[in-house]
Every structure is written in structure tokens, then in C-alpha cells.
Amino acid sequence: MTEVVEYHPATDPGAFSAQILGRELWDHQLAFARSKARYRVVCAGRQVGKSTTLSAVALFEATTRNNVTVLLVSAGEVASRRLLEECTSLALNSPMLSGSVLDDSKSILTLSNGSRIISVPASSRQIRGWPVDVLILDEAGFIDTEIWRAAEPAIIARPGSRVIMVSTPWGGLDHFFRQLWQRGMDRPSEQVESWHWPSTVSPLVDAALLEQIRERESPDYFRREFLAEWTDEAGAYFTEAEIMSAVADYELVAPEDLVLPWLGDRFDQRYTVAAGIDWGFSRDANALTMVSVLEDFGLNQNRHGDNLIFYVPWLEAQHNWSYADFIDRIVESGRTYRYDFLASEVNGVGAYPTDDLSARLQESRVDGWVGRVWTDAKRKQSGFSKIKGLLQRRRLVLPNHPELLKQLRGLEFEQLASGSTRIAVPDRAGHDDLVMSLMQAVSLVYPDYARRTIDTNLRWSLERERPVADDLLETRSGLYVPRHAKPVAYSRGWAGWPEGVERGNSQW
Ligand SMILES: Nc1ncnc2c1ncn2[C@@H]1O[C@H](COP(=O)(O)OP(=O)(O)OP(=O)(O)O)[C@@H](O)[C@H]1O
Ligand SMILES: [Mg+2]
């Protein structure tokens, strides 16, 4: 025997909308309207029936129970008025409801059963202070997280209360709408359920018209407004392709294993590097990353002429080391590699170890100018965009170092309302010590000055080292990298202070 499910307008929003409001809901609207989840979150495109659904649900909640308060919050004043107008006109046009409308002001619709629908803009102080049973946020992505934080506790404290959020995709990774929506998509539960409504879910939206819009509008706009996809206000800072096309599985050479070149008496027989240092605090490690110019024996000349390629000869991160031990390690590393410049972060815990490092280098008569750098949003933006630029122009090769690659992938950016960009590895994605030290090191390089100027006296010694086929690697972007990679010997002048650096001490 098949069970026939009878939907009654007093208990079912679908039947209510069809029989009382005279509007049959579409399937996607029904699934949402019938959900019992405490938080219902919809990320939607244009013209999919958001306003229609919200007003039907608001009226259902307010008319089928007595003394209920439905609070509609919109991002702006006009939108909030329009949404209430929609509710009012649906109620007045329904023969069964029109009699119960007691009062319809600009912001409150009062019904004879003691229930009311209140509509306010998010900026309004009225968002607080109501005993709310159903909170509906329209264009939730445009509502400040602060406002949400202030409003949410009062609602959640009421038994049986519900929250509904609908918006086009907007808001950074930390925005409450995006987080809740993602949670409901990834792990739907009685608590949170989410839906994705691109414009194509509406039977009225015509594919040919959408195609015309796609052609005339920018791709980001079309994706956001019609495909309901989050575009680039936030996301991964580096694309997977940018990272992976620059990776070569060459050997990282620890300072103690470095075999120094023999270039004759008149040369400083060490490999020059620029180094970036990130000082750890609690979870994070102390990290040192060196960047130098790669000796490619002219093998990439067809692509880069006399411009040299940068790479990371060595990097290390040490958890649970004292600053003193890590400083000693940095100083010792400067006895084989030759530091030209070191960028050391002084914000957070960095000021003291930076000064100590300067002093220790000096005492130990180890080369290296220490720059005291303050890592703010602007510096991160210029540092990471320099890395991005070098990757895109194929001037930077990355080692196949799983933790470094993981951190590069974990790096996210978010466009803030102030117009600036926040770049960070979010806590859930792990550490940022290596990417930060890489950023510091890269901030010291001047690619225009990294050019091959081989002294003819050096050429013979280079020829001897030219790798044979087995010892030659290739990145996906087509750069040749020796497996036993080494910096270009006797190459200096490509490193210097980045803008805004406070020069510390220190060259003995
Ligand atoms: N269930 C339905 N049955 C018939 N027509 C509907 C239904 N739902 C919505 N519509 C119609 O589809 C159009 C878009 O609906 P609505 O305004 O609710 O969408 P929206 O997503 O709020 O649009 P916008 O993105 O412009 O704010 C309107 O003309 C509306 O009357
Ligand atoms: Mg609308």
C-alpha cells in the first residue's frame, strides 16, 4: 500500500504557499521551505525566487502560530522595505489572510493572531532587543559579521527559534554566511542545512538570455551573480599550477654538507644567499629560508637570456628550539653559505631574537646585514606578489619540500572592506613559518640585477661541473635545474633592502 502524504497548509509551507498564497513553490524552493534545520542557508544567484521564498516562509511562520515574531534583516534600507512590501502584498492578495492584517506600517506587519513580521536594515539598532522566533537574513553576505555576532545569541536562546540566511556569494572566508553555508554543504545536519541555487534552477530563467549576459559581463560578475559561485574576493593566494609548475626535485644542501667551489685565490669562495627568518611563537617553528641565484650553466638561456633564476638552496624550520639555539644555527650556517642580507621579522616575538642575531653575527665575524622587518598587511602583499610574479615569469624554482608546498597551498587572501588585502595561512590549514620566511627572503632579491656576468677566469671551473643528462631535472614550466643544485658562484649585487626596512646593525 502506498502511503499518500497529505500536506496541510497549517503545517506545511508548500501547501500553505499553494493554497493560501496562491503560489505553487518550485522544487528547489520547496526543499528549502520544508527543511527542519535550525539554520537554513542558501547561496543563490539572481532571479531564482529568493524573495518569493522568504516572504512565503515568513508568512507561513507568522500566520500558523500565534504571537510569533519574524525578524527580516536586509543589508540595506530599500531592500528591507521591499521585502516587507512583498509579504504585505502576498497577505493582502490572499482571500484567507487579508482579513487578519491589522496594520501594515513601513517596517512592521501586524497580524490578528498576535504575530508580527518586522523588517529592518542591518545597520539598524532595532536588530537587537526583539524576542525573535524566526530570524531571516536577506543578502546575508553583505551583513557585517559584527552585527551577526551581536544578534545571534539573543535568537538562539529562544526555544524553537530558527535562522534563515539567503545571499548571493559574498564575504571572505571568515564571514559568518560563508562559513555556515560551507558547513551545511559539507556536513548537513539538523543544525545546519545549505543549498546552492544558481540562476539556472529557476524554470523561468532562459538559457539564451543567460548566455547573452555571460558574453556582455565580466567573468567574475557572471560567476557570482548567476552561477552563485564565490569569486576572487577571497581564496587560495597561489594557484596549484603556479606552485607545481615551479617545483623541481633538486637536492637541498644543508650548510654543513655544502662543498665550496674552488675559484682561485682572489675570490670569496662561498655561495651568496639572501635569507629570511620567521621567529616562532608557541605552535610555530623558528624558520630560516635562503634564496639565491641558480647555476644553470646557461641551460635556460633560450628562455631567460642572461637573466638568472632564483631558487631555494636551503631551508629549515625547528620546533621547540630556543631562540638562542636557533640563532647559533643561523650563525653557523653563515660560515659556508655567505649571507648577503638577512630579513628578520621584529613584530610579535621577533624584536629580541633579531637584535641578538645581529650581535652574534658580529661577534662571530660572520657576514650578513640584518634588516629588521615589520610584517604588516602591506609588506605581505608586496612580498607575496613578488613571489607570484617570479613564479609566473618562471624566475623562481621551488624545492620539492612537502611542508613548504603545503604552506604555499594553504596561503589564502581576502579582500577587506577597507580595500586592503589580508594574506595568511588560516589556523585550520596549519603553519605559516616557512612561507613567511620565504617571503622575507624573496623580499630581498632584485631580479633585474640577477644577471649572468661570467668572469672568463671562472668559465673553465664551471665547465667541469656541467651536469650530464641524468643529473638534470626539468620543471613543468620547462626550466632546467641540476639535481645537485648550487648557487651561481661569485654572484652578488642582486640582493638589497626592500622598501620600508629598518636597517639593523650589522656588518662587522
Ligand atoms: N514559485 C514560483 N512560481 C512562479 N513564479 C515565481 C515563483 N518564485 C518566483 N517566481 C517569479 O520569479 C521571479 C523572480 O523571483 P524573486 O523576485 O523571488 O527572485 P529573487 O531571487 O529574489 O530575484 P532577485 O535576484 O532579482 O532579487 C519573479 O518574477 C517571481 O514572481
Ligand atoms: Mg529578491
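**Exercise 1.** Determine whether Trp 195 is buried or exposed, and characterise its ring contact with Phe 32.

*Solution.* Step 1: Trp 195 has a relative accessible area of 12% and is therefore buried (buried means under 20%, exposed over 50%, partly exposed in between, with a 1.4 Å probe and protein chains only). The model is predicted: local features require pLDDT of at least 70 and side-chain atom pairs pLDDT 80 or more, while totals for chains, interfaces and linings use all residues. Side-chain values use heavy atoms, without hydrogens and water, residues are numbered from 1 along each chain as its sequence is written, and chains are lettered from A and ligands numbered from 1 in the order written.

Step 2: The structure holds 19 aromatic pairs (rings of Phe, Tyr and Trp, the latter by its six-membered ring, with centres within 6.5 Å; planes under 30 degrees apart are stacked, over 60 edge-to-face, the rest tilted). One of them joins Phe 32 and Trp 195 edge-to-face, at 5.4 Å centre to centre and 80° between the planes.

Step 3: Phe 32 is also buried, at 1% relative accessible area.

**Exercise 2.** Identify which charged residues sit over Tyr 7 and Tyr 237.

*Solution.* Step 1: Arg 34 lies over the face of Tyr 7, 3.7 Å from the ring centre (the criterion is NZ of Lys or CZ of Arg within 6 Å of the ring centre and within 35 degrees of the ring normal).

Step 2: Over Tyr 237 sits the charged end of Lys 388, 5.0 Å from the ring centre.

Step 3: Tyr 237 belongs to one aromatic cluster with Phe 238, Phe 384 and Phe 413.
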